[in-house]
Amino acid sequence: MEDVVRAAIAVADAEGLGALSMRRVAEELGISTMSVYTHVPGKAELIDVMLDRVMGEAVVEGEPEARGWRERLEGVARRNWDLFHHHPWVLQVAVTSRPPLGPNVVAKYDRELRAVDGIGLTEVEMDSVLTLVLEHTQGAARRSVEAKQGVRGTGKTDDEWWAANAPLLEKVFDAERYPTAARVGAAAGAAYQAAHSPEHAFEFGLRRVLDGVEALVRERLALPHSR
């Protein structure tokens, strides 16, 4: 079973989830397709096991905990950012509403909740804060992965794509009619060296999310019953 899961993850990492099949895994291992079925009933069950296995990468037991909740929560975001980039196919799998109830998924949830445990939030607020951070990270990572896939799919960098489409932009964009867009777009383009920077969006958004959580924590600690 271990070899099957490792081979399946390798295929999905290299070629995407669409390339994954029981036959493809069998080819990777040099065995018959029917042999794969002796380890796992089907592709859906295989993906569940794959997902649980890679979720374990975000569980770093024994790692020293940051002293402050903000640093701990930032660590949660960065570990998930790395996870999504190491295994982009995870972004195609629903991991929130009906996750596979494997040991690593449960361990990951418990580990990540510890980042905000004992800081004055209710249990529901702890879950909501973690969900907020993870959803921001997942959305930013999806845009980052899609941008990289776009370069591979078209064979053009962002600079090359914009250079090729500059004549069309000049026809449809009137800087005098849309002065705000012209000013902001030029400043952003100069800063990102592109029309958009997923990395900047992740970093900027993460700081704003943590600022919001900090405001919530202060609000809770200011309540009479929290003293």
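**A nonpolar surface patch and the α5–α10 contacts**

Good morning. I begin at the surface, where Val172, Phe173 and Tyr178 make up a nonpolar patch whose accessible area together is about 280 Å². Please bear in mind throughout that this is a predicted model. Within the patch, phenylalanine 173 belongs to the loop that runs between α8 (158-172) and α9 (179-192). With a relative accessible area of 32%, phenylalanine 173 is classed as partly exposed.

Let me now set out the overall architecture. The protein chain contains ten helices and zero strands, and from the N terminus on its elements read α-α-α-α-α-α-α-α-α-α. Of its 227 residues, 33% count as buried. The accessible surface comes to about 13500 Å², and carbon and sulfur atoms contribute 55% of that surface. Taking the contacts with a separation of 6 or more, 74% are accounted for by residues 24 or more positions apart.

Two helices, α5 and α10, deserve particular attention. What does a search of the whole structure find in the way of aromatic pairs? The search returns one aromatic pair. Why is this pair, tryptophan 81 and phenylalanine 202, described as stacked? The ring centres are 4.3 Å apart and the planes stand at 15 degrees, and planes under 30 degrees apart count as stacked. The pair joins distant parts of the chain, with tryptophan 81 in helix α5 and phenylalanine 202 in helix α10, 121 residues apart. Are these two residues buried or exposed? Tryptophan 81 is buried, with a relative accessible area of 12%, and phenylalanine 202 is also buried, at 1%.

I turn next to the charged side chains. As a general matter, side chains of opposite charge can pair when their charged atoms come close. In this model the count of salt bridges is 16. One of them is formed by aspartate 211 and arginine 70, with the closest N and O atoms 2.8 Å apart. Aspartate 211 lies in helix α10 (residues 198-222) and arginine 70 in helix α5 (residues 69-86), so this salt bridge ties together parts that are 141 residues apart in sequence. Aspartate 211 itself is partly exposed, its relative accessible area being 32%.

Arginine 70 has a further partner. Its side chain also meets that of glutamate 214 in a salt bridge, at 2.7 Å from N to O. Here too distant parts of the chain are linked, since arginine 70 is in helix α5 and glutamate 214 in helix α10, 144 residues apart. Glutamate 214 is partly exposed, with a relative accessible area of 23%.

Which residues share a network of salt bridges with Arg70? They are Arg208, Asp211, Glu214 and Arg218. Arginine 208 takes part in another arrangement as well: its charged end sits over the ring of phenylalanine 204, 4.9 Å from the ring centre.

A salt bridge between another pair of residues completes the survey. The side chains of arginine 114 and aspartate 110 meet at 3.2 Å, N to O. Both partners are partly exposed: the relative accessible area is 34% for arginine 114 and 42% for aspartate 110.

To summarise, helices α5 and α10 are linked by the pair of tryptophan 81 and phenylalanine 202, and also by the salt bridge between aspartate 211 and arginine 70. Thank you for your attention.

How values were computed. Residues numbered from 1 in each chain as written. Predicted model: local features only at pLDDT ≥ 70, side-chain atom pairs only at ≥ 80, totals over all residues. Heavy atoms only, no water. Salt bridge = Lys/Arg side-chain N within 4 Å of Asp/Glu carboxyl O. Helix = DSSP H or I, 4+ residues; strand = E, 2+ residues; numbered from the N terminus. Buried < 20%, exposed > 50% of the residue type's maximum accessible area, 1.4 Å probe, protein only. Phe/Tyr/Trp six-rings, centres within 6.5 Å; stacked < 30°, edge-to-face > 60°. Lys NZ or Arg CZ within 6 Å of the ring centre and 35° of its normal. Patch = residues over 30% accessible without salt bridge, like charges linked within 9 Å, V, L, I, M, F, W, Y side chains within 5 Å. Areas by Shrake-Rupley, 256 points an atom, 1.4 Å probe, with all protein chains shown as cover. Contact = heavy atoms within 4.5 Å.
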